[in-house]
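Got the viewer open? Load the model, switch to cartoon, and let's take a walk through it.

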Amino acid sequence: MNAGTVAHEGEIGARRAATGSAREGAARAGLTARGVIYVLVGLLALRIAFGDSGGRQADRGGALQEIATKPFGAVLLWALGVGLVGMALWRLSEAAFGSAGEDGGKAGKRLAAAGRCVFYAFVAYSVLAFAAGARGSGSGDRQSRDVTAKALGIPGGQWIVGAAGAGLVVAGVWIAARAVMRKYHKHLKLGEMSRRVRKAVDVTGVGGGAARGAVFAGAGVFAVRAAVKYQPDQAKGMDGTLRSFAGTPMGPWLLVCVAAGLVLFGVFSFAMARWRRV
């Protein structure tokens, strides 16, 4: 092997290392940003459960408004948006090159990563727009009703809304089931954790994933109801879905449990930012 070949291979290795480092940094920044949003949404939901929401919505918009009122809030909002851009770019890299793990290169995994990329790109855009001064077009519930009304107004709209709602229900059950079965273990560097830390991560992963799944499923149920009754007002965003838990026979205590679970999911996201395989 001559010197030119060695130099070329060294350059390729350095380039791969730099790419891997950038991908890891983007992933960890994105997971941290996601954690911040879920912790704040969970805390806002807890305040609603105990009758003191401060006028905030328990959704992403409410979380952003909460950050904006704090010292250095504008800086934090920009940092959050940049972190979510990192999340979108990480998912894009997974869609293009495959994710970590033996089956990371399968078509299904890449397609799912592409879907997550689109979702987080939208979330990042909304956060950066909020940081730049755009305060949105209303609450998440209002936006959900508007989108549902538009969908119901097109040919086959009832079927489209119903299918989307059913998809959310299935996604919610899937998210909760995978959390309970601790499927996230395969993504974590378990060998770097002590036994106590692993137990703590499992508490946040199982409890947080179950609560997140419940919110997805609840929103899906309301979408299906809106389709069946042909009433867009039946659709709800995250805030409305969370508030609906307080109207169950369990009263506000179910909302307390789900809200605490969302806080746990935020903490779990921080753990993922520290120990996830990228």
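Before you count anything: helices here are DSSP runs of H or I with at least four residues, strands are runs of E with at least two, and both are numbered from the N terminus. Keep in mind, too, that this is a predicted model.

**Whole chain.** Color by secondary structure. You'll find nine helices and zero strands, so by that DSSP-run definition the pattern along the sequence reads α-α-α-α-α-α-α-α-α. Now turn on the surface: the accessible area comes to about 14600 Å², and 65% of it belongs to carbon and sulfur atoms. Of the 278 residues, 41% count as buried. If you show contacts with a separation of 6 or more, residues 24 or more positions apart account for 74% of them.

**Helix α3.** Next, select residues 73–97, which make up helix α3. Put a distance between its end C-alpha atoms and you get 36 Å. That agrees with the span expected for its 25 residues, because 1.5 Å a residue should also give 36 Å.

**Just past the end.** Step on to Gly98, which follows α3 and has a positive phi, near 95°.

**Back to the surface.** Now pick Phe72, Val75 and Leu76 together: they make a nonpolar surface patch of about 350 Å². Zoom in on Val75, which lies in helix α3. Is Val75 buried or exposed? Its relative accessibility is 55%, so Val75 counts as exposed, the cut-off for that being over 50%.

Methods:
Residues are numbered from 1 along each chain as its sequence is written. This is a predicted model: local features need pLDDT of at least 70, side-chain atom pairs count only at pLDDT 80 or more; totals for chains, interfaces and linings use all residues. Side-chain values use heavy atoms; hydrogens and water are left out. The expected span of a helix is 1.5 Å times one less than its number of residues. Patches are made of residues with over 30% relative accessible area and no salt bridge: like charges are joined within 9 Å, nonpolar side chains (Val, Leu, Ile, Met, Phe, Trp, Tyr) within 5 Å. Accessible areas come from the Shrake-Rupley method with a 1.4 Å probe; for residues, only the protein chains shown count as cover. A salt bridge is a side-chain nitrogen of Lys or Arg within 4 Å of a carboxyl oxygen of Asp or Glu. Buried means under 20% relative accessible area, exposed over 50%, partly exposed in between (1.4 Å probe, protein chains only). Contact means heavy atoms within 4.5 Å.
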